[in-house]
Amino acid sequence: LSQARALEAAGCFAVVLECVPDGLAAEITQSLNIPTIGIGAGPHCDGQVLVVSDMLGLNDRAPRFVRRYADLGAQTLAAIKNYKADVESGVFPGPEQTFR
């Protein structure tokens with residue numbers, strides 16, 4: 001809390017609270033006049049951040065505070081394997097992907 005207050009006094013326009021216990025994050029948010037942005041700090045911050053590659057499932061592992069909204073990692077890998085197979089077999093590029 002004292003560090004957050006010092007940052008505000010130094011002129012910061014916002015504070016990011018990453019992996020801060022939610023009770024402390026709530027106390028900091030209530031104590032500051034600048035916004036707090038939480039990443040794994042609970043619901044009491046003024047805003048939330050979530051790394052896009054984590055939320056879309058593009059990484060094998062994600063921090064425990066991440067909620068995955070999609071599993072694009074598996075879909076991406078499947079698409080790349082299909083592309084590789086099409087190139088190796090000669091079906092890509094086909095006539096419809098070729099300028100004439």
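Me: Before we start, what do buried, exposed and partly exposed mean here?
Reply: Buried means under 20% relative accessible area, exposed over 50%, and partly exposed in between, with a 1.4 Å probe and protein chains only. This is a predicted model, where local features need pLDDT of at least 70, side-chain atom pairs count only at pLDDT 80 or more, and totals for chains, interfaces and linings use all residues. Residues are numbered from 1 along each chain as its sequence is written, and side-chain values use heavy atoms, leaving out hydrogens and water.

Me: Why is Phe92 called partly exposed?
Reply: Its relative accessibility is 32%, so Phe92 counts as partly exposed.

Me: What makes Tyr83 and Phe92 an edge-to-face pair?
Reply: Rings of Phe, Tyr and Trp (its six-membered ring) pair if their centres lie within 6.5 Å; planes under 30 degrees apart count as stacked, over 60 as edge-to-face and the rest as tilted. By this rule there is one aromatic pair. The centres of Tyr83 and Phe92 are 5.8 Å apart and the planes stand at 65°, so this pair is edge-to-face.

Me: What is known about Asp54 and salt bridges?
Reply: A salt bridge needs a side-chain nitrogen of Lys or Arg within 4 Å of a carboxyl oxygen of Asp or Glu. For Asp54, the nearest side chain of opposite charge is Arg68, 5.8 Å away, and Asp54 has no salt bridge although it is buried. (Lys and Arg count as positive, Asp and Glu as negative; His and the chain ends are not counted.)

Me: Which side chains of strand 1 are buried?
Reply: In strand 1 (residues 15–18), Val15 and Leu17 point to one face and are buried, while Val16 and Glu18 point to the other and are not. Strands are DSSP runs of E, at least two residues, numbered from the N terminus.

Technical notes
Helix = DSSP H or I, 4+ residues; strand = E, 2+ residues; numbered from the N terminus.
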